[in-house]
Amino acid sequence: MKKINGFTNCNILTEEGLKKTSLKIEDGKIASIGEFESGLTLNENYVVLPGFIDQHVHGAAGSDAMDGTILDLTKIANALASEGTVGFLATTMTQSVENITNALVAVKEYKELNKEEGAEILGVHLEGPFISLKHIGAQPLEYVAKPSVEVFKKYQEASGNTIKLVSLAVEEEGAEELVRYLASTGVVASLGHTDAKAEDVEKAIKAGAKNVTHTFNAMKPLHHREIGTVGSALLYNELNCELICDGIHVSIPAINLLRNCKPADKLTLVTDAMRAKHMADGEYELGGQPVFVKNGEARLAGGTLAGSVLKMNNAVKNIMNFTGATLQEASNYASLNPAKNLGLDNELGSIKVGKNASFAVLDENYDVVLTVRDGVVIFEKE
């Protein structure tokens, strides 16, 4: 694998803002920012950003995390690297206990390999099976289960303790107990595929919930006499809100509404992408269900959205185009905010001395030309 020792006289987005400077790498970490004459020199139109983190992505390049093999996880990791993503949560879905367990074991085994190639699997996002029958989205109905601490413990054991985030319907029986357990063990509890009312959300926050899964999608909508899950996501500053910023899952006015309502560090870009990302239009599969991909939209036969084919660098570009967000703000939505949400901001999320040397280098069109993880090049545009 190709390693780099730093950048010289390049446009680098540090925590202090965008500036022309140099950066030195030692042992996979940022050793210094400032004078360094022997690093990589880039095109004057390129910008070095913190590497992106995708905390909600199912698949890419024809593979899905639920396929449960090292090969499929490797294909996903390599594909995500081409988007500037340096770390991600391999995201499962509502399926049989056996299939979920197989997927979790595969992640455990993959992580034990400590691969230098591709984006790093930071852990697992367990999306389902603890969801609401009223808001299943593209999740298979027959495998929906009630929230259970005991079931979760078995999943966590199978994963090698790599589950970092759990999406669940917090209004269901057993949910409050599970949220408390997740919070006590450092796992992020997320409101997702849920019919939660405002009072349910408030209870969940008090129990330790801190995230909202693909905000607006597959949840109780806002009404002026019952603000539901959507209204609560907008109202409560404790909640970090995921956003699929493709202009398909969420309208541009709704994207602006979310951005205007949330504190700057409580909005996180995700792709929620499925296996068709980086692939041609056509018929694919998600949880045993046929998915039809056309013109950037992935839908079940009945028209229900079934994940996305969004790339993370395009999500960054879109949030800037849709809302007027600055490059610094858009970068934080894709890097620093998910790092904070997952408790990884001491290592990832921004360009600062002592943090991991993990970067996304974009050109003037926000296309990725280089992705670096811990000083190692994991993608280079040909």
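Start your tour with the cysteines: the count of disulfides here comes to zero. Keep in mind as you click around that this is a predicted model.

**Stop 1: two cysteines**

Select cysteine 241 and cysteine 261 and show their side chains. Why is there no bond at cysteine 241? The closest cysteine sulfur belongs to cysteine 261 and lies 9.2 Å away, which is too far for a bond; a disulfide would need the two sulfur atoms within 2.5 Å. Looking from the other end, cysteine 261 has cysteine 241 as its closest cysteine partner, again at 9.2 Å. Now turn on the surface. Cysteine 241 is buried, with a relative accessible area of 0%, whereas cysteine 261 counts as partly exposed at 32%.

**Stop 2: the aromatic pairs**

Next, colour the aromatic rings. How many aromatic pairs does a search of the whole structure find? There are two. For one of them, select phenylalanine 7 and phenylalanine 359: their ring centres are 5.5 Å apart and the planes meet at 80°, so the pair is edge-to-face. Phenylalanine 7 sits in strand β1 (residues 6–14) and phenylalanine 359 in strand β18 (residues 359–362), so show both strands to see how the pair links parts of the chain 352 residues apart. Both phenylalanine 7 and phenylalanine 359 are buried.

Then move to phenylalanine 152 and tyrosine 181. Here the centres are 6.2 Å apart and the planes stand at 70°, so this pair is edge-to-face too. It links helix α3 (residues 149–158), which holds phenylalanine 152, to helix α4 (residues 175–184), which holds tyrosine 181; the two residues are 29 apart in the chain. Is each ring buried or partly exposed? Phenylalanine 152 is buried, at 1% relative accessible area, while tyrosine 181 is partly exposed at 25%.

**Stop 3: the seven-stranded sheet**

Go back to β1 and β18 and switch to a cartoon view. Both belong to an open sheet of seven strands with mixed pairing, in the order β3-β2-β1-β4-β18-β19-β20. At its edges you will find β3 (29–33) and β20 (376–380), each pairing on one side only. From one strand to the next, the twist averages 40°.

Zoom in on β18 and its neighbour β19 (residues 368–373). These strands run antiparallel and are joined by four bridges. Phenylalanine 359, from the aromatic pair, has valine 372 as its bridge partner in β19.

**Stop 4: the nonpolar cores**

Valine 372 leads on to the next selection: Val372 is included in a core of 17 residues, along with Leu23, Ile25 and Leu42. This core is separate from the largest one, which has 92 residues. In the largest core, select Phe88, Ile163, Leu243, Leu269, Met274 and Ile319, the residues with the most contacts inside it. Helix α2 (residues 97–112) supplies the largest share of that core, with six residues.

Centre the view on phenylalanine 88. Beyond its neighbours within four places in sequence, its contacts include Asp54, Val57, Ile76, Leu80, Glu120 and Leu122.

**Stop 5: the three-stranded sheet**

Finish at the open sheet with the order β15-β16-β17 and antiparallel pairing. Why do β15 (282–286) and β17 (297–300) count as edges? Each has a single partner strand, so one side of each is left without a neighbour in the sheet. The twist here averages 35° from one strand to the next.

Five bridges join β15 to β16 (residues 289–294). For a last click, select leucine 286 together with glutamine 289, its bridge partner in β16.

Definitions and conventions
Residues are numbered from 1 along each chain as its sequence is written. Side-chain values use heavy atoms; hydrogens and water are left out. Rings of Phe, Tyr and Trp (its six-membered ring) pair if their centres lie within 6.5 Å; planes under 30 degrees apart count as stacked, over 60 as edge-to-face and the rest as tilted. Buried means under 20% relative accessible area, exposed over 50%, partly exposed in between (1.4 Å probe, protein chains only). Two strands pair if DSSP finds at least two bridges between them. Axes are lines fitted to C-alpha atoms, for helices over the stretch in contact, and angles run from 0 to 180 degrees between N-to-C directions. A nonpolar core is a set of buried Ala, Val, Leu, Ile, Met, Phe, Trp, Tyr and Cys residues joined through side-chain atoms within 4.5 Å. Contact means heavy atoms within 4.5 Å.
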